[in-house]
Amino acid sequence: MGNCLADCRCTTHKAITSEPVCGAIHIPITIGGRWSTPLRPVVLPPQREKFPPVALPTPNCEGDTLASPNLKPFTYHELKNATKNFRNLIGEGGFGCVYKGWINLQTLGAAKPGAGTVVAVKKLKPEGFQGHKEWLSEVKYLGQLHHPNLVRLIGYCLDGDKRLLVYEYMPKGSLENHLFRRGAEPLSWAVRMKVAIGAARGLSFLHDSKQQVIYRDFKASNILLDLEYNAKLSDFGLAKAGPTGDLTHVTTQVLGTHGYAAPEYIATGRLSVRCDVYSFGVVLLELLSGRRAVDKTKVGVEQNLVDWAKPYLGDRRKLFRIMDITLEGQYPKKGAFMAATLAWECLGDAKHRPSMAEVLACLEKIPVPKEGVNRISNFDRLQPMSIPSPRSPPRRHHHHHRSPSSTDRTPRATSPFATQVKSPLSKSPHED
Ligand SMILES: Nc1ncnc2c1ncn2[C@@H]1O[C@H](COP(=O)(O)OP(=O)(O)OP(=O)(O)O)[C@@H](O)[C@H]1O
Ligand SMILES: [Mg+2]
């Protein structure tokens, strides 16, 4: 923990803290506020805390956090002008609303619509201690981490009880909107794979950073897209520094979003990078199936995407049953099977889950058909590899016990990663 106030350059902004550390000034905020929208990360039961919940980023001193030289501190008035009094609503989450704004990149002051750079301004709902912590975490992580697959945080506003965040504007919005919004133009197979690769790069970067970061809230609504469908991760409100030394996990409060959180984390509060890998598997399934991780409009097993889809993932001949019908069959079967196999790996037992670097390497090996190819047979012709005999054993070595459907008697196709493409997943099990 550093000197929290000494070099804070945002002198117009009070340095605050939500924990009594560093002797910093406290700003009164509502304690115990809860998120109201179902999309919002929620506390997932059961909650087994070994220690009191510590969701604040380290350093815990907000003076340090806000002193990031990469971030511009805005006044509320500036952002009110930049957004034309919060007129253009882009979206809404549990944190608050997101508005379109315009700023001059040189002066970083408000600009006329059309004249400056478009930004997205997220305005925190006034209530909520959790919201404040998430805001702080976002500033801390995105103020320091820079990568083409992380959304750029331009600045923030801490003005009285107002908390806002200013991001680069992502013109294609969230993956969630593209996949699930009624009337949305279906994403092609090639775009889906591009999004998966971009998001995997973002996660992989976080996991392999010098100070490892666990993202903890990987889901379709937090994957934002630019004009070319490059994916960028947003929302670092729940991000957490990874374990240090020989530890493989941190024990912490169970936070996340239903349907995406890894079962072992929900059960034990042990958070590791493998939890992000699980969430990645869920999003990969959403990309394949066009279904939400949790869909309360469905009945029985279909409400939970993983429960419903898992038995089909290892079966080349049945996979089509879970594929998004809006793809209208326009996807390469072999590529789809490779992606499904990978999703299955990600959703498996934590010890055997691949790392994000391995996931990324696998995704990059899935051949991409040229856009505009509209015959399935053409897709298949584009595959550079020959697929092994369907009589080969279903899974490779150490994963046998995790066959997705033990009751299924149809001959199972071999994992495409097992032979032609040397899968990084076929390495020895990961130490955990
Ligand atoms: N930088 C951005 N550029 C363009 N649109 C954005 C940007 N940030 C957010 N949005 C839009 O605003 C919506 C709301 O984002 P927000 O992060 O507040 O909530 P959410 O991700 O949908 O839910 P949650 O609160 O659970 O994270 C997003 O789904 C997206 O459509
Ligand atoms: Mg979000």
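This passage walks through a predicted model, from its overall make-up to its core, its ligand shell and a few single residues.

To start with the big picture, the protein chain carries 11 helices and 14 strands. Its 432 residues are 47% buried. Contacts between residues at least 6 apart in sequence were also sorted by separation, and 70% of them join residues at least 24 apart.

The largest nonpolar core takes in 104 residues, and the ones with the most contacts inside it are V166, F280, L284, L288, A343 and V359. Helix α7 is the top contributor here, giving 11 residues to this core. Both domain 1 (52–168) and domain 2 (175–381) put residues into the core, so it sits between the two. V359, one of the residues with the most contacts inside the core, is a handy place to look at the packing. Leaving out residues up to four places away in sequence, V359 touches A200, V277, F280, L342, C346 and P354. F280 thus turns up twice, as a contact of V359 and as another of the residues with the most contacts in the core.

V359 also belongs to the buried set of helix α10 (residues 356–365), together with M356, E358, L360, C362 and L363. As for what lies over these buried residues, the cover includes α5 (189–208), α7 (273–289) and α9 (333–346). In helices of this kind there are 3.6 residues a turn, so positions three or four places apart point the same way. On α10, M356, V359 and L363 are among the buried residues.

Turning to the ligand, 25 residues surround ligand 1, and G91, G93, A120, M170 and S221 come nearest. The elements that supply two or more residues to this shell are β3 (89–92), β5 and α4 (175–180). Strand β3 has the largest share, at three residues. By character, the shell splits into 11 nonpolar, nine polar and five charged residues. Like the core, ligand 1 has a two-sided setting: domain 1 (52–168) and domain 2 (175–381) both give residues to its shell, so the ligand lies between them.

Strand β5 (residues 117–124) is also where K123 is found. UniProt lists K123 under "binding site", in an unreviewed entry. Is this lysine buried or exposed? K123 counts as buried because it has 20 C-beta neighbours inside 10 Å, and 20 is just what the cut-off for a buried residue asks for. Setting aside neighbours within four places in sequence, K123 is in contact with F86, G96, C97, Y99 and L164.

A second lysine, K100, sits in strand β4 (residues 96–103). K100 is partly exposed, because 18 C-beta neighbours lie inside 10 Å. Its contacts, again without neighbours within four places in sequence, are T83, N88, I90, V118, A120 and Y169. Of these, A120 is also one of the residues that come nearest to ligand 1. K100 and K84 are 16 residues apart in sequence, and their C-alpha atoms are 8.9 Å apart in space.

Past β4, the loop between β4 and β5 holds G109. With 14 other C-beta atoms within 10 Å, G109 is partly exposed. E78, I103 and N104 are the contacts of G109 once neighbours within four places in sequence are left aside. The C-alpha atoms of G109 and T75 are 9.9 Å apart, although 34 residues separate the pair in sequence.

Two residues deserve a word for their backbone angles. Most residues other than glycine have a negative phi. N85, however, has a positive phi near 60°. N85 is in the loop between α2 (76–82) and β3, and it counts as exposed because 10 C-beta neighbours lie inside 10 Å. Y229 likewise shows a positive phi, of about 65°, without being a glycine. The loop between β9 (223–225) and β10 (231–233) is home to Y229, which is partly exposed with 17 C-beta neighbours inside 10 Å.

Last comes R317, in the loop between α8 (305–313) and α9. This arginine is partly exposed, since 15 other C-beta atoms lie within 10 Å of R317. R317 and F337 are 20 residues apart along the chain, with 9.4 Å between their C-alpha atoms.

Key
Residues numbered from 1 in each chain as written. Chains lettered and ligands numbered in written order. Predicted model: local features only at pLDDT ≥ 70, side-chain atom pairs only at ≥ 80, totals over all residues. Buried ≥ 20, exposed ≤ 12 C-beta atoms within 10 Å, placed from the backbone. Helix = DSSP H or I, 4+ residues; strand = E, 2+ residues; numbered from the N terminus. Contact = placed C-beta atoms within 7 Å. UniProt positions renumbered as here; feature names shortened; annotations may be inferred. Core = buried A, V, L, I, M, F, W, Y, C linked by C-beta atoms within 7 Å. Domains from an automatic or database assignment. Near = placed C-beta within 6 Å. Nonpolar A, V, L, I, M, F, W, Y, C, P; charged D, E, K, R; others polar.
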